[in-house]
Amino acid sequence: MHTFLVDASQKSSYEDFLQRNKGSVVQSWAWGKFWASLRGRGRFWAIGVGENEVKGREGKWLGAVLVVKQKLPFGLCWLSVARGPVF
C-alpha cells in the first residue's frame, strides 16, 4: 500500500475514484480549490492511497481524502476533512 499527494496531473483519476465510490462534493478537487481561495483558508491537499508505487496512475486506488487548512489567530491552524476519507 502506498500513500501519496495527488497533483494536478492526477486530478481526473482522483475525481473518477470519488465518483465510483460515492464520494461527497466536499471531497472534490474543485471544492478544495474553492475553499483554499477564501480569506482565512490556507491551502488544500488531496491524498490518495494506492496498491503500488506508481502513485495511483496505473495501479488501483484504495482510498482518497481532501484536507483543507483553516488559519487561526496566533499562527495556529486546524485541518478539516469533511465527509472523508473515501474508501
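A residue counts as partly exposed when its relative accessible area falls between the buried class, under 20%, and the exposed class, over 50%. Trp 31, at 27% relative accessibility, therefore lands in that middle class. Keep that in mind as we go, and keep in mind too that this is a predicted model.

Let's start with the strands. E1 (residues 2-5) and E2 (residues 41-50) run antiparallel and are joined by four bridges. If you want a spot to look at, find Phe 4: its bridge partner in E2 is Gly 48. E2 also pairs with E3 (residues 61-71), again in the antiparallel sense, this time over eight bridges. Here Ala 46 is a handy marker, with Leu 66 as its bridge partner in E3.

Now for the aromatics. How many aromatic pairs does a search of the whole structure find? It turns up eight. One of them is Tyr 14 with Trp 29, with 6.4 Å from centre to centre and 70° between the planes. Planes over 60 degrees apart count as edge-to-face, so this pair gets that label. Tyr 14 sits in helix H1 (residues 11-20) and Trp 29 in helix H2 (residues 29-37), so the pair links distant parts of the chain, 15 residues apart. Are these two residues buried or exposed? Both Tyr 14 and Trp 29 are buried.

Stay in H2 for another pair, Trp 31 and Phe 34, which is tilted, with 5.8 Å between centres and 50° between planes. Why are they about one helical turn apart? Because Trp 31 and Phe 34 are three residues apart in helix H2. Trp 31 was our partly exposed example, and Phe 34 belongs to that class as well because its relative accessible area is 41%.

Step back to Tyr 14 and Trp 29 and you'll find they have company: together with Phe 4, Phe 17, Phe 44 and Trp 61 they form one aromatic cluster. Phe 4 is the residue we met as the bridge partner of Gly 48.

Finally, head for the surface. Leu 72, Phe 74, Leu 76 and Trp 78 make a nonpolar patch there of about 490 Å². Trp 78 lies in strand E4 (residues 77-80). With 41% relative accessibility, Trp 78 is partly exposed, whereas Trp 29, back in the aromatic cluster, is buried.

Key: Residues numbered from 1 in each chain as written. Predicted model: local features only at pLDDT ≥ 70, side-chain atom pairs only at ≥ 80, totals over all residues. Heavy atoms only, no water. Phe/Tyr/Trp six-rings, centres within 6.5 Å; stacked < 30°, edge-to-face > 60°. Helix = DSSP H or I, 4+ residues; strand = E, 2+ residues; numbered from the N terminus. Buried < 20%, exposed > 50% of the residue type's maximum accessible area, 1.4 Å probe, protein only. Patch = residues over 30% accessible without salt bridge, like charges linked within 9 Å, V, L, I, M, F, W, Y side chains within 5 Å. Areas by Shrake-Rupley, 256 points an atom, 1.4 Å probe, with all protein chains shown as cover. Salt bridge = Lys/Arg side-chain N within 4 Å of Asp/Glu carboxyl O. Pairing = 2+ DSSP bridges.
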